[in-house]
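Student: Please take one part of this model and go through it closely. I would like to know how the open sheet is put together and what lies against it.

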Amino acid sequence: MNTLNSPLLSVIMSVYNAELYIKEAIDSILNQTFRDFEFIIIEDCSTDNSLKILENYASIDNRICIIKKEKNQGAKGFINNLNLGIKNAKGKYIARMDADDISSLDRFQKQVDYLENNSSIFMVGSIVSLINANDELIGMMETPEIDSEIKNRMINHISMFHPVILFRSEKNIFYREKMYGCEDYDLYLRLMNEGKKFYNFQEPLLKYRILNDSISRKENKLVRWSFVEKARQFYKQYSNNMKDGYDNFNPNNFKNILDKNQQNSENDIIFCIKSAIKFEDKNSLLLLINKLKKQYPSSPNLKYKVVSFLPVSFYKIINKFI
């Protein structure tokens, strides 16, 4: 266990079956030029050698604190892991890290120094380099630098990259556990409603690894898009009324939305139809329309409810199905 009483920074990382890349990730943290941190690692019931690797590192560096989970809960468990890390963090600042990414060795020094010298900024991030499974550079993800531009873009496109963020530790900061696959986006939008300010370094402080078997990529795209749209809806609701509908939201309604045998509310089906239209997912759109017709055949003005928000290109394709 970590014996540091009051580190300036707490680093939080969730680990599940990451043995192929975890050594590079951990080394990139332990070898930071900034040294005053604790490294909280939540081990999420890996079935490979991840835990053994973590325990070996913990035996030689007392900044590492391993929290072992008793049960893996997938995407829901990942969000719970992040909140568990925040709950146990002792630092003035909190940094995120993923088990398959690589931080630049000066990342923490630059990010902490910036927050120390800019009291109005709550969270910092950066642009990121993209690498594949073989550590080969395959691209770059860019994002605006200053707060106003970050927020303008955030409404339609995420503009803080989760694995490279570092932010001030406050009691009311947490991830909402029903926002599967977009818990970070939901957090940023809530912080915007609170008036928090952001900054992004215009140099890559992290190598972000693109893997096809990551949790976020296993989920159906329409399901993930619908959660993203729900986060935006909650943001707008709170902006207008100082409250949103999160407490009454059942995430399982979205997770099962493409199961034709699963009963869903008419409103949820229509909400996901709008997501399919926005992201041009025609296959899911047709499936959802057929589901709507089957489950709510006597719904008044059913055709209007769907056609009223269809773009012309979609209307021509699916009008005959309604």
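Tutor: What follows describes the sheet, then a helix that lies across it, and then one salt bridge beside them.

This is a predicted model, in which local features need pLDDT of at least 70, side-chain atom pairs count only at pLDDT 80 or more, and totals for chains, interfaces and linings use all residues. Residues are numbered from 1 along each chain as its sequence is written, and side-chain values use heavy atoms, with hydrogens and water left out.

Helices (H or I, at least four residues) and strands (E, at least two) are DSSP runs, numbered from the N terminus. Two strands pair if DSSP finds at least two bridges between them. Seven strands make up the open sheet, in the order S3-S2-S1-S4-S9-S6-S10, and their pairing is mixed. At the edges stand S3 and S10 (198–201), each pairing on one side only. On average, neighbouring strands are turned by 20° against each other, direction ignored; the axes are lines fitted to C-alpha atoms, for helices over the stretch in contact, and angles run from 0 to 180 degrees between N-to-C directions.

At one edge, S3 (residues 64–68) pairs with S2 (residues 37–43) in the parallel sense over five bridges. Ile42 has Ile67 in S3 as its bridge partner. Between S2 and S3 the chain passes through helix H2 (residues 50–60), and this β-α-β crossover is right-handed, that is, clockwise from the first strand over the helix to the second when the strands point away from the viewer. Four of the five residues of S3 are buried, meaning under 20% relative accessible area, with exposed over 50% and partly exposed in between (1.4 Å probe, protein chains only).

At the other edge, S10 runs parallel to S6 (residues 123–126), joined by four bridges. Met123 stands opposite Phe198 in S10.

Helix H3 (residues 74–88) lies across S1, S2, S3, S4 and S9, at about 150° to S2; contact means heavy atoms within 4.5 Å. The buried residues of H3 include Phe78, Ile79, Leu82 and Ile86.

Lys90, in the loop between H3 and S4, is 52 residues from Glu38 in S2. Their side chains meet in a salt bridge (3.3 Å, N to O), defined as a side-chain nitrogen of Lys or Arg within 4 Å of a carboxyl oxygen of Asp or Glu. Lys90 counts as partly exposed because its relative accessibility is 44%, whereas Glu38, at 1%, counts as buried.
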